[in-house]
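I opened this model to look at strands, rings and loops in turn. These are my notes, in the order I took them.

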Amino acid sequence: MNTLRILLSMLACCVAPSIVQAQWHPLLSLPFYQTSVVYASGDSIWTGNGSSRLMRSTDGGQVWSPSHSGLPEGLILLAFYGDQGDMLLGTDKGLYRSTNGGDSWAIVPDSALGQIPIRHILKYGPYYYVASDAGLARSGSGGLGWSKIVGGGLPTKFSAQTIGGYQQQLFVGMRTGGVYRSNDSGATWQRADTGIDLAIVTALGIGSDFALAATDDLSHYVYRSTDTGRIWTPIESNMPSGVLYLSQFDVMNGSVVLVSTNNGMVLSLDGGATWKARNEGLPAGRAKGIRVCPDLS
């Protein structure tokens, strides 16, 4: 059995012990059912219900306690990332940061970000990146100070939805349509979306020799590229029956991909060429956030 725990947010936060033989088990002690973000680091798990209510467990999901001190009421939780004690939380009204493992939170008062929706957070190399409705920003100081990424081949004005990276390749998917790629940590960018219809790119999964992109176009909702994003091919016909759109990718070991969908979880062992449903033990419904992490037991 792989020494992993796979955390999934949907009608309840669920956990599975391995990649290939995923038998899901609900974390029934949560005080709410609908979860929108999920994250794990070390022995701790965080999950939020989309309205400022963030909960933390330090025992693998058996007991939960509030972790939202400093978060105003009514925030919509959109993205989460942690690195030891420093944690970042993207909301519909800006970026929040915790320096004490989630005990308390404060908004990041940076003009490069503003109080706008922060839709994705990525740690890539020495930098943090955020995708927001105002574009892209980067931090080299643990998320405290930010600089907006402009020029270098990017549109003058754009809204970013998601970011993905592997080795030297950094990708951004646009809410305004299209995908861009950078080989130098975001200093310069090239358009990389030939074959993708002009739809919102909702999620990216980047591996060793492939890239995956989900869109909001129900006709072609998932694409695959094997040439670092130069040409993309629709692959929705390879998905299991009942899958109509994708929420989030998690790429492991360069080629193993888990993706949350409107119809549970789907797994690929070959970089997205073929897919199988992995829903044993899951309730029917949409899966949202997913996090693969070291063994929590």
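The entries below go from one sheet to the aromatic rings, then to loops and the surface.

**Entry 1: the sheet**

I note at the outset that the model is predicted. I started with an open sheet of four strands. Its order is 4-5-6-7, and the pairing is antiparallel. Which strands stand at the edges? I found strand 4 and strand 7 (65–66) there, each with a single partner strand. One side of each is therefore left without a neighbour in the sheet.

I then went through the pairings. Strand 4 covers residues 37–41, and five bridges link it to strand 5 in the antiparallel sense. In that pairing I found A40 opposite I45 of strand 5. Strand 5 also pairs with strand 6 (residues 54–57), again antiparallel, over four bridges. There, G48 faces L54 in strand 6. Strand 6 and strand 7 run antiparallel and are joined by two bridges. For R56, I looked up the bridge partner in strand 7, and it is S65.

**Entry 2: strand 5**

I checked how well covered strand 5 is. How many of the five residues of strand 5 are buried? The count is five of the five, over residues 44–48, so the strand is largely enclosed by the rest of the structure. Next I sorted the side-chain directions. S44, W46 and G48 point one way. I45 and T47 point the other way. Both sets are buried. I kept W46 in mind for the rings.

**Entry 3: aromatic rings**

How many aromatic pairs does the structure hold? I have five. A pair of rings is described by the distance of the centres and the angle of the planes.

One of the five is Y81 with Y128. Their centres are 5.9 Å apart, the planes meet at 80°, and the pair is edge-to-face. This pair links distant parts of the chain, with the two positions 47 residues apart in numbering. Y81 is in strand 8 (residues 77–83), and Y128 is in strand 13 (residues 127–132). Both tyrosines are buried.

I looked next at Y127 and Y129. They form an edge-to-face pair too, at 6.2 Å centre to centre and 70° between the planes. Are Y127 and Y129 buried or partly exposed? Y127 has 26% relative accessibility and counts as partly exposed. Y129 has 1% and counts as buried. The cut-off for buried is under 20%.

Back to W46: I found this residue in one aromatic cluster with F80 and W105. W46 is also one of the buried residues of strand 5.

**Entry 4: charges over rings**

I searched for charged side chains over the tyrosines. K123 lies over the face of Y128, 5.1 Å from the ring centre. Which residue puts its charged end over the ring of Y127? That residue is R138, at 4.6 Å from the ring centre. Y128 thus appears in my notes with Y81 as ring partner and with K123 over its face.

**Entry 5: loops with positive phi**

Most residues other than glycine have a negative phi. I listed two non-glycine residues with positive values.

Q167 has a phi near 50°. This residue lies in the loop between strand 16 (160–166) and strand 17 (169–174). With 59% relative accessibility, Q167 counts as exposed.

T228 has a phi near 55°. I placed T228 in the loop between strand 22 (222–225) and strand 23. Its relative accessible area is 32%, and that makes T228 partly exposed.

I also looked at S208 together with Q167. How far apart are S208 and Q167 in sequence and in space? They are 41 residues apart in sequence, and 7.8 Å apart C-alpha to C-alpha. S208 is in the loop between strand 20 (201–206) and strand 21 (211–215). I have S208 as partly exposed, at 41% relative accessible area.

**Entry 6: a surface patch**

Last, I looked for nonpolar surface. L218, L244 and Y245 make a nonpolar patch of about 320 Å². Where is Y245 found? It is in the loop between strand 23 (233–234) and strand 24 (246–252). At 33% relative accessibility, Y245 counts as partly exposed.

Notes:
Residues are numbered from 1 along each chain as its sequence is written. Side-chain values use heavy atoms; hydrogens and water are left out. Patches are made of residues with over 30% relative accessible area and no salt bridge: like charges are joined within 9 Å, nonpolar side chains (Val, Leu, Ile, Met, Phe, Trp, Tyr) within 5 Å. Accessible areas come from the Shrake-Rupley method with a 1.4 Å probe; for residues, only the protein chains shown count as cover. A salt bridge is a side-chain nitrogen of Lys or Arg within 4 Å of a carboxyl oxygen of Asp or Glu. Buried means under 20% relative accessible area, exposed over 50%, partly exposed in between (1.4 Å probe, protein chains only). Two strands pair if DSSP finds at least two bridges between them. Rings of Phe, Tyr and Trp (its six-membered ring) pair if their centres lie within 6.5 Å; planes under 30 degrees apart count as stacked, over 60 as edge-to-face and the rest as tilted. A charge sits over a ring if NZ of Lys or CZ of Arg is within 6 Å of the ring centre and within 35 degrees of the ring normal.
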